[in-house]
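Let's walk through this protein together, one question at a time. Keep the structure open beside you as you read.

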Amino acid sequence: MESSTYRPIFKDISSRELNGFRVRKRPRFVDDSSQFSEIGAFEFVHDDSATPPMALSFCKTSRNAHIVAVTGEDGYVSLYNTRLKLPSSATHEANADKARVSEWLAHDNAIFDVCWIKEDTNLLTACGDHSIKLWDTQEQKCIGGLIGHTGSVKSISAHPVNEDIIVSGSRDGSFALWDLRNSKRRRSHFSTSPIDIVKGAHSPNLKTRGRHGKAAAISITSVLYLKDEVTIATAGAADSAIKFWDTRNLTTPFTQTSVHDRTKQKWVRSYGISSLSQDLNGVYISASCMDSRIYLLNVLRLEKGPIKSFKGCDISTFFVKSKLSPDAGHILSGSSDGNAYVWQVNNHTADPVMLKGHNGEVTAVDWCSSEIGKIATSADDSVVRLWNINNSCYSNTRSPSIRKREFTIPKMKCRKLFEEETKGSVNAPQPLLDPPLETSMAEIRTPESIKKQSSNLNLNSNSNSNLNLNLNLYIDETCEKSPDPSFGSPSSVLNPPPSLKRKTILDYFMAHS
């Protein structure tokens, strides 16, 4: 996976100068934990009983980015303010009481994943009771339930634009698509069934069968809704393949890539992917594999497989997760050895920075999207720790954006357009674009109708001409204001108009380049 060829650094610099390629400077990643400072720690405790956290997630909007949601095995959801000073001299339980904003019992089972939607006003919880619940975070009230899986829901992800569209992955081996608008109203909340479900998404070719002849369920461990708005990425415990699905046709994945060859390993649990994550622009995807490596993929080069791999952590269970930073500059991961690890993407061969402090397997981790350098880690010791990456270590550069920039009309060009318009008629301004050419069609009419029309035209030709002119103008204006009937009403996110459909994720990026 990694290249073993050695290239002198001076030769590399010389080739860049000769080729005229100017490289943006990036701070070197120092292999020293002194570049990271712990800014606080609190215990995940309820009713005087500490439980291991299962998932955590910072809010997505800038005004709420300091709020982190933490869930655990006991089914509780707690929101904490990470901007408060949590002194190291105080106990973790005292810090928890100080930082806790709110908490409520969401399920009677473990909550494996959470997802913020609707400007951080709603929170989705994926639970071991086979359900997904939608919560109003202000009132701590359940306002909806997503029922349809037959196993623990392990992962959820929202549509990048329309957050009413949700994808979830379950231990029953299926992933499902949900539309929160497609619901049945109950007394105090609504219930939603999946609009589409794919079973056995990561089942092997030779399915293992139980005593009753039923195929064994192969767990979906992670799902991602990609930034192109039509592609879903899924990963499972049965293999090390990442499959990519088009939501407009979920019969089979349109492509897949393998991050690890399980046939080359001698031990059994060296395959399977525990988590997927993507950067803010959706260019890169990271995958944590059970061979204790984290693989990085470029969505524009999926056919080439992973472009980089990172090692140094110990991924022994599927509870250990990793997260790609919003700018795609770093990768943060938990580890079964009780530490958290951070790699610099541009220097993947270097040893990672080790974050020490936990006394159990480090599982869920996350980056704060707005407060640069802030990260959170949780472990089986029931403690959530907050860290800050110093400015000398953290990169200020962002991941490459392939979206095309939109520019306003230049001043001179805009003035010229207005001058051209003023030269024309004041009552009827000329359009900037030429009107479409009118097509003529031969009329088939009877002699009686022709005689009747000619007699009417002779009686009052002037009034009819004015009336026809006004009527035609009214029809033209009405047609311009009305939507294209071929688009349908309303247009679904999963079924966009034919002119806007893209075939693959590659077409999405190329359309903006």
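**Strands, hairpins and cores**

Q: In what order do the four strands of the open sheet lie?
A: Do keep in mind that this is a predicted model. The four strands pair in the antiparallel sense and form an open sheet. Reading across this sheet, the order is β22-β23-β24-β25.

Q: Which strands are the edge strands of this sheet?
A: An edge strand here is one that pairs on one side only. That applies to the strand at 273-278 and the strand at 308-311. They are β22 and β25.

Q: By how many degrees are neighbouring strands of this sheet turned against each other on average?
A: Strands of a sheet pair through backbone hydrogen bonds, either parallel or antiparallel. In this sheet the turn between neighbours is given as an average, with direction ignored. The value is 20 degrees.

Q: Which residue of β24 is the bridge partner of S286?
A: Strand β23 covers residues 284-289 and strand β24 covers residues 293-298. The two pair in the antiparallel sense over six bridges. Within β24, the bridge partner of S286 is L296.

Q: Why is strand β19 described as largely enclosed by the rest of the structure?
A: Look at both faces of β19: T231, A233 and A235 are buried on one side, and I232, T234 and G236 are buried on the other. Strand β19 is largely enclosed because the number of its residues that are buried is six of the six.

Q: Which residue in the hairpin of β18 and β19 takes a positive phi?
A: Strand β18 (residues 220-225) is joined to β19 by five bridges, and the two run antiparallel. I220 stands opposite G236 in β19. The hairpin has five residues between the strands, and the one with a positive phi, near 75 degrees, is E229.

Q: Which residue of β20 stands opposite T231?
A: β19 also pairs with strand β20 (residues 241-246), in the antiparallel sense and over five bridges. A hairpin of four residues joins β19 to β20. Opposite T231, in β20, stands D246.

Q: How many residues does the largest nonpolar core have?
A: In soluble globular proteins, nonpolar side chains tend to be buried together. In the largest nonpolar core, the residues with the most contacts inside it are F42, L56, V68, V70 and Y80. Elements giving two or more residues to this core include β4 (53-58) and α2 (92-99). Its residue count is 17.

Q: How many residues are in the other core, which lies apart from this one?
A: Among the residues of this other core are I242, V259, A287 and L302. The core has 16 residues.

How values were computed: Residues numbered from 1 in each chain as written. Predicted model: local features only at pLDDT ≥ 70, side-chain atom pairs only at ≥ 80, totals over all residues. Heavy atoms only, no water. Pairing = 2+ DSSP bridges. Axes fitted to C-alpha atoms, helices over the stretch in contact; angles between N-to-C directions. Buried < 20%, exposed > 50% of the residue type's maximum accessible area, 1.4 Å probe, protein only. Core = buried A, V, L, I, M, F, W, Y, C linked by side-chain atoms within 4.5 Å.
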